[in-house]
Amino acid sequence: MRLQRNRRITPVRLATASAALALILSACGDDGDDESTDDAAQQAAGDDDGDDSDPEEVELRFSWWGSDSRHEETQEIIDLFEEEHPHISIVPDFTDWGSYWDRLATSTAGGDAPDIMTQEERYMTDYALRDQLLDLNEVSDVLDLSEIDELALGGGEIDGGLYAVATGVNAFTVVANTQVFDDAGVDLPDDTAWTWDDFYDIVGEIAENSDAYGLQPEGSNEAGLKVYARQRGEALYDADGSFGFSPQTLAGFWQGLLDAVEAGHAPDATEVMEFEGPDTSLVATDDGAMGFWWTNQLGALDGVAEGELELLRMPGEFEHQQPGMYLKPAMFYSISSQTEHPEEAAMFVDFLLNDVRAAEIMLTDRGLPANLRVRDEISTLLPETEKQVSDFMAEIAPDLADPPPPPPHGAGEIPDILTRIWEEVLFEQVSPDDGAQQFIDEGSAAIGG
Amino acid sequence: MATTDLTAQIAARRKERQRRSRPRRILIHLGLISFGLVMLYPLLWMLASSFKPTEVIFREPGLLPSALAPGNYVEGWNALRNPFHHYIINSTIVVAGSVVGNLLACSMAAYAFARLTFFGKRTFFAIMLGSIMLPIHVVIVPQYILFSSLDWINTFYPLIVPKFLAVDAFFIFLMVQFIRGLPRELDDSARIDGCGHFRIYWKIIMPLCTPALATTAIFTFIWTWNDFFSQLVFLTDPDMATVPLALRQFVDSQGQTSWGPLFAMSVIALGPVFGFFLAGQRYLVRGIATTGIK
Amino acid sequence: MPSTGRAPTAVNEHAPPTHRPPRPRRKKSMLQRRENRAAYLFLAPWFVGLAVVTIGPITASLVLSFTDYSLLESPNWVGTENYERMLGDSRLHNSLIVTFVYVFVSVPLQLALALALALVLDRGVRGLPIYRSVYYLPSLLGGSVAIAILWRLVFGTDGLINQVLGMFGFEDLPGWVGHPDYALGTLIVLNVWTFGSPMVIFLAGLRQIPTMYYEAAAVDGAGPLKRFFSITIPLLTPIIFFNLILQLINAFQTFSQAFIVSGGTGGPADSTMFYTLYLYLRGFSAFDMGYASALAWFLLLIIAGLTAVNFIASKYWVHYGDD
């Protein structure tokens, strides 16, 4: 069935193919005609419907990224949902983070987007502003958002519409390996009081009193910059979608890291390049005291590390104008504007967000649940590291300032630009000051155009 | 008969040479072996790591594991949605179709380009070569639209049917080069005997092209087995996933990658390709050298 | 370079004649028409593939290169804007340099190594299949996700290379794979490391040379060196030529190894930003498929130009059995 042996090119097939060809060309040649590709999609989808014997049957495709454990959990949730809604079947579509976006872009371009898709800050705005996502206000009678954390809900509001709902939240912060602290004879700091100067002093102290490094320098994660800028009353992106920080801020952020590298308190540039995700990082291999990580990566770090890991607030939270840390939606659920069954798709998203049984399977795999009631109900079920994360988030929540706005159109390129220029700074090809200016110039072009 | 004398003469000379150069031969072998070890080091490391528990893989980067964890193989085999052999079977279907398709379609086209004169030959040859010069990333979206309108997404057709249409032009070019290396007297004499083009192609050229056909089969097998991008795009249903897609399911660049099972299954995934290579390379030695010329 | 690509005249009656009697010039007649028809029949699958699978997407990408196609919206015609943009795109210029360095260093190295080993292995070394397999194994890995890790292991700060060099007293060595000055070098080594493919093609080519040429030459008293230069090399030229073209096109399109080793960034600091990697990032990460298509067509022009030059040059050094 899967592979019919008939490989002959029948006239029918040939005709279909030529039609497809004409279609591609017409889609390309058309000047601003928005409908041609969509028409094709609807036509193709319409054919599918013709084959179904029972018109009540609804088939939805749900796409996400991740690794094997997430795939397994998600399938359990899907099974649960299908049991309750026998007329809806959910077809899974998953792969790893990197390939996910290639596949999503291609199938969206082909008019075949998954009905329900997982989105992320990086590309969400690009999809939303190009009319690929459904405004969830249109399905508000099915999708209940009343229990979703206000701090997280704003993250999906773009241009007056609600195009995505946060699955859960994370915070970008400092992870400390207590074993390395102990070996160096350094006490864990009071993270409600430490300044950036304190932070780098501790980094130096550890490096000088032990074999381990004090810090894994991370200058390419925009979240670190975001926190640093917010502490100074600035922002990575303003509400109007342009950069909201001065070059001095970025240069200062990089300079601190660079000084630690040059003093030998942190690994040198080539070693920094060799870290591959959490598994090989300094805190995971007990070779360094501190690193910057998302809270949901604690589990991965902890799985490798022998020393106890501790979550600390970012330094300088109470040093300047306001705390800089924020809750970042871990990922978003979005519904495709191409879907033919928005109601059913919304039912499934509602189930993922609001049903405790779904959350009991997923726990914090997609971030600490954005639904506050659900977050509360699963708190007793959490294994140790997840509990640690949940407690940490509860502790910092009262102090947080307003969440940052969703990133602007074109923001998908910003991480690459930031990474590249940070690498140039790290290898001393440009000074932090020049690099910061260069980032603002190149980045502005990306998000402006 | 003259040939027998000649053969004996050569054999004697060869034996004489061998006796004289034993130290040199040992030296050659030593060189070849140490070079092989350097070549293989990363693979040996992967093999060793596939037996280590995931937590220690990056703590103990040496070759010899301090603790053996054959559990990676069991875990990796069963960790995904389907047992791993499911993906191997999917890949095998795609690969088998591709190999057969390439062998037939490319050899036919190659025969025409190498041996026949026809109108537009040079132009078509240029178009054929040109068709492989565009990076896949800009043609994948139009291809997707094409196959999607044929309703071929989530079938193996988009991966196999093009091979039966000689879309892998590299192999046409490869076989053209091999066929052009064959003495033309062979088909000329066959033609005089009254053979048509199809008989010449099938009875004379193809048997003499065994090394080229074996090469084509081996490469098609390997490239298709490892091909990631088109399989990623055309097969979204996880039950249709092939081996490269399945291996990616162990990877989480932002979280915890199951390195142990990933390496274990990567080793497993090398098995079929290596097996095919071993089987196929036996045909690399046959060809005109042993079949002889009439 | 020998004057002829054919074997030396042999005493043995089994050797093929060096010069074929000129084929009778056929009239442009029924015979030719029949041959035309036969050729088109043999090419039929390819024609169908060209019309259905190949031409459509290729034409589409050409048309798209004159648009602002974003993948997510219908394209708008922008004329030659994308091509004009290429002139001022400094990252593109950097990627061209990276790619050219890679192509012109790694292709000759890889081919030379492949040919050398194919020749050594073709001498009837005992255990030939084992060596052949061992040398081929790395090529089987392809774009495996494990490559990134393996390469850091060999070329990292504490990697194999530095450990070996450390034994010889070298100290304070950099991590090669993570250094902007050396990262491209490690990718060149990675490409050379997978010399198995051209090696196998060379071996297949060597196997196709009729042994009787050698035997005849041996009887004639030609030494091994003479036999090598007057039989092996000339008869292998079509295969050398094929490998050259193949590796040239492949090297220009290098993507997956650079993508995997640099984690998709082309880093450190754009030092491994290959042309196709840049093209991919423009198309799929910046949703700038119109520009990416223009980049692709520019690449096609470069490759086609170089291939054409090679084809013209090949008339002077490639010898076909059917000349």
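**Domains, chains and two loops**

Q: How many salt bridges are there between domain 1 of chain A and domain 2 of chain A?
A: The count between these two domains is two salt bridges. A salt bridge here is a side-chain nitrogen of Lys or Arg within 4 Å of a carboxyl oxygen of Asp or Glu.

Q: What sort of model is this, and how are things numbered?
A: It is a predicted model, where local features need pLDDT of at least 70 and side-chain atom pairs count only at pLDDT 80 or more, while totals for chains, interfaces and linings use all residues. Residues are numbered from 1 along each chain as its sequence is written, chains are lettered from A and ligands numbered from 1 in the order in which they are written, and side-chain values use heavy atoms, with hydrogens and water left out.

Q: Back to the domains. Where do they run?
A: Domain 1 of chain A covers 55–169 + 329–394, and domain 2 covers 172–325 + 410–448. The bounds come from an automatic or database domain assignment. Their C-alpha centres lie 29 Å apart.

Q: How many residues does the contact take from each domain?
A: Nine residues come from domain 1 of chain A and 18 residues from domain 2 of chain A. Contact means heavy atoms within 4.5 Å.

Q: Which residues form a salt bridge, for example?
A: Lys226(A) forms one with Glu121(A), and the closest N and O atoms are 3.6 Å apart.

Q: Which helices of domain 1 supply residues to that side?
A: α5 (121–129) and α16 (384–396) of chain A each supply at least two residues of the side of domain 1 that touches domain 2. The largest share, five residues, comes from α16(A). Helices (H or I, at least four residues) and strands (E, at least two) are DSSP runs, numbered from the N terminus.

Q: What area is buried between the two domains?
A: About 1100 Å², of which carbon and sulfur atoms give 55%. Buried area is the accessible area (1.4 Å probe) that two parts lose on being put together, summed over both. In domain 1 of chain A, Arg122(A), Gln388(A) and Phe392(A) lose the most area to domain 2, together 50% of what that side buries.

Q: And what about chain A as a whole, how many helices and strands?
A: Chain A has 18 helices and 16 strands. Of its 449 residues, 61% count as buried, meaning under 20% relative accessible area, with exposed over 50% and partly exposed in between (1.4 Å probe, protein chains only).

Q: Change of topic. What area do chain C and chain B bury between them?
A: About 9200 Å², with 74% of it on carbon and sulfur atoms. The contact takes 102 residues from chain C and 100 residues from chain B. In chain C, Phe42(C), Trp46(C) and Gln208(C) lose the most area to chain B, together 9% of what that side buries.

Q: How many salt bridges are counted there?
A: Between chain C and chain B the count is zero. The largest share of the side of chain C that touches chain B, 13 residues, comes from helix α2 (residues 44–64) of chain C.

Q: Last topic, the backbone. What is the phi of Glu428(A)?
A: Glu428(A) has a positive phi of about 60° although it is not a glycine. Most residues other than glycine have a negative phi. Glu428(A) is found in the loop between α17 (414–426) and α18 (432–448) of chain A.

Q: Is Glu428(A) buried or exposed?
A: Glu428(A) is exposed, with a relative accessible area of 53%.
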